[in-house]
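Student: I should like to go through the terms used for a structure and ask what justifies each of them.
Tutor: Certainly. Let us begin once the structure is in view.

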Amino acid sequence: MKKSFRKIACLIAIAATTMGAAMAQEAEPATAGNKKLEFSVHLGGSIPMGGFETCDEELPPFMVLGHNNYAQANMGLNLGGKIKYNISPNNRFGFMATIDLFYNSAFSYVKDYKDVEDIPSYINIPLMLGINYDYNITTDLSIWGEAGVGANLRIITPWTGKGLTGSNDYLASEELAYEYKYDNAITLAAQVGIGAKLMDKFSLGIHYYYLGYDVVHGTVNYETNHTGGIEVNKSVFKGIIVNTSMLVVRMGYHF
């Protein structure tokens, strides 16, 4: 796994260096029809897919028993930025670098289970390099397609509550507090997308993002009162596999 990420990092570094060198050598003044460097910001919603979305209210909620690989993520938000360097006439073909922020909470029913106080949320921050092709239909309308690959930082926020904490069934009646803290993970990131751009300023796109998979690890802090007083215990755990994929629909503004 580490070797794979080293290879991905090397490829990203090589591509970034090549892109930077090409930009540095370009001396032609930019015009509306021949911009070399484009920057855009994007805002939209994400729809979890596959095991990232699967929810079954007949099963215990997120990682209580760890017997399934359902992440139980809800629909979320996406905010992103993109830099494109055009290498062909009329801004058709170019290299791009992207950064995104995805936020997805767990399904709300989880919060109703055994006095859960704060349900976990997923935060994914992928950085990618890729290619983009933009085809002009008219002077004010174009269609585009793109693909990228890179690395993703996955963050899961803590899960806190009182009562049942997996195998510690006695806590259900003791009303003692627990807190799951999840380790961050670096996973593979890839995306493909298509869309349309209007007046070279506004765009609407639909994307498929795959943000990799990784077994969830972390620590759980939980209270006990075996001795008649409250004690805080700590143990490590290995949970489900979170396999992150989503469909993303978003609008963009191009500078």
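Student: Why is Asp214 called partly exposed?
Tutor: The structure is a predicted model, and in it Asp214 has a relative accessibility of 24%. Partly exposed covers the range between under 20% and over 50%, so Asp214, at 24%, counts as partly exposed.

Student: What makes Arg154 and Asp214 a salt bridge?
Tutor: Their closest N and O atoms are 3.9 Å apart. The cut-off is a side-chain nitrogen of Lys or Arg within 4 Å of a carboxyl oxygen of Asp or Glu, so the pair qualifies. Arg154 lies in strand S6 and Asp214 in strand S10 (residues 202-224), 60 residues apart, and the pair thus links distant parts of the chain.

Student: Is Arg154 buried or exposed, and how do you know?
Tutor: Arg154 is buried, because its relative accessibility is 2% and buried means under 20%.

Student: How many salt bridges does the rule give in total?
Tutor: The count is seven. One of them joins Glu146 and Lys82, with the closest N and O atoms 2.6 Å apart. This pair also links distant parts of the chain, since Glu146 is in strand S6 (residues 141-156) and Lys82 in strand S2 (residues 76-86), 64 residues apart. Both Glu146 and Lys82 are buried.

Student: What makes Lys197 and Asp200 a salt bridge, and which residues share a network with them?
Tutor: The N to O distance between their side chains is 3.3 Å, which is within 4 Å, so the rule is met. Salt bridges with shared partners join Glu38, Asp134, Lys197 and Asp200 into one network.

Student: Why do Lys197 and Asp200 receive separate labels for burial?
Tutor: Lys197 has a relative accessible area of 4% and is therefore buried, under the 20% cut-off. Asp200 has 27%, a value between the two cut-offs, so Asp200 is partly exposed.

Student: How many cavities of 30 Å³ or more are there, and what space does the largest cavity hold?
Tutor: There are two such cavities, and about 110 Å³ of space lies in the largest cavity. As to how such space is found, rolling a probe the size of a water molecule over the atoms shows where empty space is left.

Student: Which residues line the largest cavity, and how are they classed?
Tutor: Among them are Glu38, Lys82, Asp134, Glu146 and Lys197, residues already met in the salt bridges above. Phe39, Trp144 and His254 also belong to the lining. By class there are two nonpolar, three polar and six charged residues.

Student: Which strand gives the most to that lining?
Tutor: S1 does, with three residues. Strand S1 (37-48), S2, strand S5 (121-136) and S6 each supply at least two.

Student: Why is Met75 called exposed?
Tutor: Its relative accessibility is 58%, and exposed means over 50%, so Met75 meets the cut-off. Met75 sits in the loop between S1 and S2.

Student: Which residues does Met75 contact beyond its neighbours within four places in sequence?
Tutor: They are Ser46, Ile47, Pro48 and Asn104. In addition, the C-alpha atoms of Met75 and Gly45 are separated by 7.3 Å, although these residues are 30 residues apart along the chain.

Student: What is the secondary structure of the protein chain as a whole?
Tutor: The protein chain comprises two helices and eleven strands. Of its 255 residues, 41% are buried.

Definitions and conventions. Residues numbered from 1 in each chain as written. Predicted model: local features only at pLDDT ≥ 70, side-chain atom pairs only at ≥ 80, totals over all residues. Heavy atoms only, no water. Helix = DSSP H or I, 4+ residues; strand = E, 2+ residues; numbered from the N terminus. Buried < 20%, exposed > 50% of the residue type's maximum accessible area, 1.4 Å probe, protein only. 1 Å grid on protein atoms, 1.4 Å probe; cavity = no way out; pocket = protein on both sides within 12 Å on 5 of 7 lines; lining within 4 Å. Points joined across faces, edges and corners; volume = space filled by probe spheres on them. Nonpolar A, V, L, I, M, F, W, Y, C, P; charged D, E, K, R; others polar. Contact = heavy atoms within 4.5 Å.
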